[in-house]
Amino acid sequence: MAQQEKIDDSAPVCLRIPERLFGRERELAVLKQAWALCRSGRSASVMVLGQAGVGKTALVQEFRRMVAQDGIFVSGKFDSLVREAPYEPLVEAFRQLAKRLLAENEESLNVWKRKLQKALGQGGFLLAELIPELRYLVGQGSRVEGREGSEAEQQY
């Protein structure tokens with residue numbers, strides 16, 4: 001916990017916040033289980049839900065630190081005030097992934113490009129329209145023919 005300091009007007013108050021997250025062992029265990037699935041070649045996703053101020057971001061940041069050396073970790077955050085962007089957390093996560101992959105050396109980047117193109121197929125082009133950072137990774141494509149305006153937007 002933060003150390004309690006006497007507050008007076010002679011000096012600024014300095015709160016010492018612990019670097020370690022307390023009281024979230026169960027939640028961290030769930031995240032570790034999902035990470036273990038991913039490390040074994042399977043897929044997993046986890047949604048961290050809760051009211052504002054309960055420590056969701058701190059939990060995700062702590063987990064990110066724990067797994068930073070073992071792979072690529074991306075996350076996205078939903079802003080309840082921005083209702084017109086329902087997929088924003090996924091877009092944010094894919095942007096993080098694209099930026100991380102684009103920083104790889106050429107050999108590793110080419111491996112990732114092949115993996116993504118194989119996994120996403122033609123859907124990669126749709127994602128690249130939504131997330132321009134992915135264009136170099138999945139290639140250039142075009143909208144599904146015959147769709148215009150709001151119909152084209154609904155493909156997302």
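**Exercise 1. How many salt bridges does the rule give, counting a side-chain nitrogen of Lys or Arg within 4 Å of a carboxyl oxygen of Asp or Glu?**

Solution. The count comes to 6 salt bridges. This is a predicted model, in which local features need pLDDT of at least 70 and side-chain atom pairs count only at pLDDT 80 or more, while totals for chains, interfaces and linings use all residues. Residues are numbered from 1 along each chain as its sequence is written, and side-chain values use heavy atoms, with hydrogens and water left out.

**Exercise 2. Find the salt-bridge partners of Glu27 and classify each residue by accessibility.**

Solution.
- Step 1. Glu27 pairs with Arg24, with 3.3 Å between the closest N and O atoms.
- Step 2. Glu27 also pairs with Arg26, where the closest N and O atoms are 3.8 Å apart.
- Step 3. Arg24, Arg26 and Glu27 are thus linked in a network of salt bridges.
- Step 4. For the classes, buried means under 20% relative accessible area, exposed over 50%, and partly exposed in between (1.4 Å probe, protein chains only).
- Step 5. Glu27 counts as partly exposed because its relative accessibility is 24%. Arg24, at 22%, is partly exposed as well, and Arg26, at 65%, is exposed.

**Exercise 3. Check the length of helix α2 (residues 56-67) against its expected span.**

Solution.
- Step 1. Helices are DSSP runs of H or I with at least four residues, numbered from the N terminus.
- Step 2. The expected span is 1.5 Å times one less than the number of residues. For the 12 residues of α2 this gives 16 Å.
- Step 3. The end C-alpha atoms of α2 are 17 Å apart, which agrees with the expected value.

**Exercise 4. Which residues of α2 are buried, and what do they pack against?**

Solution.
- Step 1. The buried residues in α2 are Leu59, Glu62, Phe63 and Val67.
- Step 2. Seen down the axis of α2, the buried residues fall within an arc of 125 degrees, so they line one face of the helix. The arc is taken from the directions between the helix axis and the C-beta atoms.
- Step 3. These buried residues pack against α1 (25-39), with contact meaning heavy atoms within 4.5 Å.

**Exercise 5. Describe the salt bridge between Glu62 and Arg65.**

Solution.
- Step 1. The closest N and O atoms of Glu62 and Arg65 are 3.0 Å apart.
- Step 2. Both residues lie in α2, 3 residues apart, about one turn of the helix.
- Step 3. Glu62 counts as buried because its relative accessibility is 13%, whereas Arg65, at 54%, counts as exposed.

Terms used:
Helix = DSSP H or I, 4+ residues; strand = E, 2+ residues; numbered from the N terminus.
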